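Reader: Please walk me through the charged pairs in this protein. Keep it brisk.

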Amino acid sequence: MKTLKIILLFLTIGMFQSCIVSGKPNIDFFSDARHDFKEARFMSVNVPVALAKPYIKRALRQDGESEEVISLIKKISKIKVLTVENGSQEMLRRYGQYLNDHQYEDWATVKHDGDNVNLRVKQTGDAIKNMLITVKSDRELVFVDIKGSFTPDDISRMINSISDN
């Protein structure tokens with residue numbers, strides 16, 4: 001019994017350890033030493049998916065999202081969030097070039113509540129393993145790196161859901 005409690009304690013600590021907020025970027029492009037973003041301030045979070053999925057589903061249901069969109073949450077395996085204050089247009093341009101160089105396809109750009117939301121995916125055949133969402137508002141940039149196992153139809157439903165709202 002004591003061994004079980006110790007194992008559960010270590011698993012719990014491991015899950016919450018990934019919740020730690022950092023002032024260093026957690027997305028490859030921004031953590032590369034070759035890029036100098038002098039004025040930018042970063043805040044990154046590695047979201048523990050096992051803990052976040054129930055909260056995300058509940059929030060989507062409260063917002064009136066369809067069950068199709070909510071079911072996409074099951075396909076997510078990892079989420080990283082990076083916010084940037086004082087980001088520049090040049091930073092976005094270089095980030096877009098980096099994504100193009102790494103075979104990310106630009107799938108959609110949607111204006112939502114005054115913010116520009118851009119969706120890029122990395123696709124191999126019909127499998128989409130990585131999705132990057134960029135939100136540009138007046139004062140900050142938010143980058144969301146989502147790993148999972150999606151189909152083009154899944155992504156299309158999500159885009160249509162955002163566009164309809």
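Author: Buried means under 20% relative accessible area, exposed over 50%, and partly exposed in between (1.4 Å probe, protein chains only). This is a predicted model, where local features need pLDDT of at least 70, side-chain atom pairs count only at pLDDT 80 or more, and totals for chains, interfaces and linings use all residues. Residues are numbered from 1 along each chain as its sequence is written, and side-chain values use heavy atoms, with hydrogens and water left out.

Reader: Is Asp 145 buried or exposed?

Author: The cut-off for buried is under 20%. Asp 145 has a relative accessible area of 7%, so Asp 145 is buried.

Reader: Which residues are linked with Asp 145 in a network of salt bridges?

Author: A salt bridge puts a side-chain nitrogen of Lys or Arg within 4 Å of a carboxyl oxygen of Asp or Glu. Asp 145 meets one lysine at 4.0 Å, N to O, and another at 3.7 Å, N to O. The network joins Asp 145 with Lys 80 and Lys 147.

Reader: How many residues apart in sequence are the parts that Lys 75 and Asp 154 tie together?

Author: The side chains of Lys 75 and Asp 154 form a salt bridge (2.6 Å, N to O). Lys 75 lies in the loop between α4 (67-71) and β3, and Asp 154 in helix α6 (residues 152-164); helices are DSSP runs of H or I, at least four residues, and strands are runs of E, at least two, numbered from the N terminus. The pair therefore ties together parts whose separation in sequence is 79 residues.
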